[in-house]
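This briefing is meant for someone meeting the structure for the first time. Please look over the sequence and the model below before reading the notes that follow.

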Amino acid sequence: IRQMGGLRVDCALSCELLTRAAEPSMSELILHHYPTSPFSEKARLLLGFKGLSWRSVTISPVMPKPDLTALTGGYRKTPVLQVGADVYCDTALIARRLEQEKALPAFFPEGQEMIAATFAAWADSVVFQHAVSLVFQPESIAVRFGTMPPEAIKAFIADRTGLFSGGSATRLSAEQARHQWPTIMARLEQQLQREQGDFLLGEPSIADFALAHALWFLKATPVTSPLVDAYPAVSAWLGRVLGFGHGAFSEMTSIEALEIARNATPAALPDEQFDEPNGFAPGQQVVIAATDYGVDPVAGELMFAGCEELIVRREDERAGVVHVHFPRFGFRIEAQ
């Protein structure tokens, strides 16, 4: 202990505190994503809207993703949110976790919760499906992947073929997507022209972010950008949504993220009274998987089943004990 200007300073303690300040926090928001992923852009915008600070772990666009699946147990979709030893799958649930982190501004405005959530689910499925078909038509692919080597393009297409096999989602043909797209956009243009506020429900909500990421995907190349640019009210609205930005973030490696999970303890389970309709009970060994695409199953011990969320406990030699969280809607649960 030294005397400095009337202050007593414990050098060992000071060094320890400085070291702790430099170490990653186990309660930090860690987003596992990659730059060109549409749903990653949705998650980044959600973080920006909330004004949250987060850590960025860049993952591969294609399988294998060994560090990610060590956390999730096999779930491979992008993005994934990690908070210590809790891992949140699907942006629908990520939005609800961020709402817990910071209540305002809200994704689900009071009195419009059902409308906002239902519209978001429609946009994440129907509008996104149209965007994917339009982006992956030959003319767009030639521009989007023009600088990639043929082997990388082949690997990407093979990966996406596997991603969309085995689930309920069916590939919409580019012809049908082009046929239906004007209807979607004309309705959206009309809504935005007549809406009293600057966003879909007047004030910003999850509905805006669920729709914006699909249009952001289309804006990535000059081939598909006119499908958005032709609608002035939509273009102005999209600019406002993208204007929320991504918040403050810093890079983190996947190895660091695994270390955080291994050294952390999962958060307390939600306090919710809920009657599971199919009789699944905590402590039961189950398998959970998406129903639409990316249907890779995750096995573990069921810890919690609520009206919005399912949580399984699993243990991995690299990640330690983690709780993996899934939405109820759009996912199936089966006894193992």
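Is C89 buried or exposed? In this predicted model, C89 counts as buried, because its relative accessibility is 0%. The notes below begin with the cysteines and then turn to a helix, the aromatic rings, the charges over rings and some local backbone features.

**Cysteines**

- The count of disulfides comes to zero, and the distances show why: the sulfur of C89 has its closest cysteine sulfur in C307, at 18 Å, which is too far for a bond, given that a disulfide needs the two sulfur atoms within 2.5 Å.
- Seen from the other side, the cysteine sulfur closest to that of C307 is the one in C89, again at 18 Å and too far for a bond.
- The surroundings of the two residues can be set side by side: C89 is buried at 0% relative accessibility, whereas C307 is partly exposed, with a relative accessible area of 45%.

**The buried side of helix α12**

- Helix α12 spans residues 254–263, and within this helix A257, L258, I260 and A261 are buried.
- These four residues lie on the same side of α12, because the arc that they cover around the axis is only 155°.
- The elements that cover the buried residues of α12 include the strands β3 (29–33), β4 (53–58), β5 (80–83) and β11 (320–327), together with helix α3 (66–72).

**Aromatic pairs and a cluster**

- The structure holds 16 aromatic pairs, and one of them joins W54 and F249, whose ring centres are 4.6 Å apart and whose planes meet at 25°, so that the pair is stacked.
- W54 belongs to strand β4 and F249 to strand β7 (residues 248–251), so this pair ties together parts of the chain that are 195 residues apart in sequence.
- The two partners differ in their burial class, since W54 is buried with a relative accessible area of 3%, while F249 is partly exposed with a relative accessible area of 41%.
- Another aromatic pair, formed by F209 and F244, is tilted, with 5.8 Å from centre to centre and 50° between the planes.
- F209 sits in helix α9 (residues 206–218) and F244 in the loop between α11 (232–242) and β7, so the pair ties together parts that are 35 residues apart in sequence.
- Here F209 counts as buried at 0% relative accessibility, and F244 counts as partly exposed at 27%.
- Both F209 and F244 also belong to an aromatic cluster that is formed by F49, F107, F199, F209 and F244.

**Charges over rings**

- The ring of F107, a member of that cluster, has the charged end of K50 sitting over it, 4.6 Å from the ring centre.
- At F108, it is R96 that lies over the face of the ring, at 4.3 Å from its centre.

**Backbone features in the loops**

- The peptide bond that joins T78 and P79 is cis, with an omega of about 5°, and P79 is placed in the loop between α3 and β5.
- A cis peptide bond also leads from L104 to P105, where omega is near 0°, and P105 lies in the loop between α4 (91–101) and α5 (113–135).
- D90 has a positive phi of about 80° although this residue is not a glycine; D90 is located in the loop between β6 (86–89) and α4, and it counts as buried at 19% relative accessibility, given that the limit for buried is under 20%.

**Contacts of T69 and P38**

- T69 is found in helix α3, where a polar atom of the T69 side chain lies 2.9 Å from the backbone oxygen of K65.
- When neighbours within four places in sequence are left aside, the residues in contact with T69 are M63, G74, Y75 and R314.
- P38 lies in helix α2 (residues 38–50) and counts as buried, at 9% relative accessibility.
- Not counting residues up to four places away in sequence, P38 touches F128, H213, W216 and F217; P38 and F128 are 90 residues apart along the chain, and their C-alpha atoms are separated by 8.8 Å.

Definitions and conventions
Residues numbered from 1 in each chain as written. Predicted model: local features only at pLDDT ≥ 70, side-chain atom pairs only at ≥ 80, totals over all residues. Heavy atoms only, no water. Buried < 20%, exposed > 50% of the residue type's maximum accessible area, 1.4 Å probe, protein only. Helix = DSSP H or I, 4+ residues; strand = E, 2+ residues; numbered from the N terminus. Arc of directions from axis to C-beta. Contact = heavy atoms within 4.5 Å. Phe/Tyr/Trp six-rings, centres within 6.5 Å; stacked < 30°, edge-to-face > 60°. Lys NZ or Arg CZ within 6 Å of the ring centre and 35° of its normal. Polar contact = N/O pair within 3.5 Å; in protein donor to acceptor, adjacent residues only side chain to side chain.
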